[in-house]
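User: Could you show me how to read burial, helix sides and cysteine pairing from a set of coordinates?

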Amino acid sequence: MGASCCSQQAVPSSSPSPTTAHSAEPGELQPFPARDTSRTNFANIVRCFRVRLASFEIWREELIEFDPEHVGPLLSRDRITLQEATKRTFRRHTFECDHSKPFSEASQQQSEQNRVVYDKKEQNDATHLKKTTISTFLRDALRDVEGIDFEAHEAKWIAPLKKRKRAKEKAEDDYSKRMPGPGVSWLYDIVRGKVVCASLREMVEVMEAISREMERVNSNSKRGTGRLLRLKNRCLRPSLSGCRDILLNMQLAVRKPGSEGEYFTHVCEVQIHHARMKKHDEDSDSHKVYKYFRDYFSGGEKETVEKRMKALDIFI
């Protein structure tokens, strides 16, 4: 279903209910209604497609600029799809990642006592040391990447701790059934950072620099060991809004307070963003798009999804 097709579809002539009386401005996301209303669903689907198509155009331009000799000409002449162009680009830029035992105890968050954390309090212990560790790692890794000034942006790029309420919800919703438990030990984004790049080329160079720094850390016994646990390349699988970035989880050694050579490990999250894509994502309030459809298909039960899809059949 294309956006142009949707924009020409006549809206049913029945009188609007109180939940749809508000007439949204073009592109404005309407709130999730108290009950199903075809008019609201239709407006939000159109909005979602507009945001997504604009994101795809940004990415298309970036791919053409990144590889003007091979991928660029094919993409500009519509000889290959955007997805195929993205696959070809990243096929030449692969990164090492440890997926050998993703759900083993070795991948869970540790306390200062070198055992698996069992509650949010233990997750928050020694927070300043954990944030210092990720800051030091990224500062060293990105020092020689042209165009990236980590020290100038450190205050913005190292995020505040995830709020206690949100962390509790995520642990219960996403990890309560993962074994070995507890769910809180699988929260990898309590301490998190980001790097905002001006181009796709910078994104690739940042990833390569992080890989090299991880190798250097592991070769220096005084700094303990580290590993890249997970890499989610969302350039290959964009979000609902079409936004693309790279997410990785790194397990780093954190020096224990007052010790010289004793460490415990902590897994942190780093997101690598494309500046223009991120700005479009923020300007279009794409999180509201995500939240609307997350609520719309909430539960994920077969009956719920079938009911929702049937309500949208009028537009297909």
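Analyst: We will go from the whole chain to one helix and then to two cysteines. This is a predicted model, in which local features need pLDDT of at least 70, side-chain atom pairs count only at pLDDT 80 or more, and totals for chains, interfaces and linings use all residues. Residues are numbered from 1 along each chain as its sequence is written, and side-chain values use heavy atoms, with hydrogens and water left out.

User: How much of the protein is buried?

Analyst: Buried means under 20% relative accessible area, exposed over 50%, and partly exposed in between, with a 1.4 Å probe and protein chains only. Here, buried residues make up 44% of the 316 residues.

User: Which residues of helix H10 are buried?

Analyst: Helices (H or I, at least four residues) and strands (E, at least two) are DSSP runs, numbered from the N terminus. An α-helix has 3.6 residues a turn, so residues three or four places apart point the same way. In H10, which spans residues 275-283, the buried ones are Met 277, Lys 278, His 280 and Asp 281. They lie on the same side of H10 because they cover an arc of only 160° around the axis, taken from the directions from the helix axis to the C-beta atoms. Lys 279 and Asp 283, on the other side of H10, are exposed.

User: Why is Cys 235 not bonded to Cys 243?

Analyst: A disulfide is a pair of cysteine sulfur atoms within 2.5 Å. The closest cysteine sulfur to that of Cys 235 belongs to Cys 243 and is 8.9 Å away, too far for a bond. Cys 235 is buried at a relative accessible area of 0%, and Cys 243 also counts as buried, at 11%.
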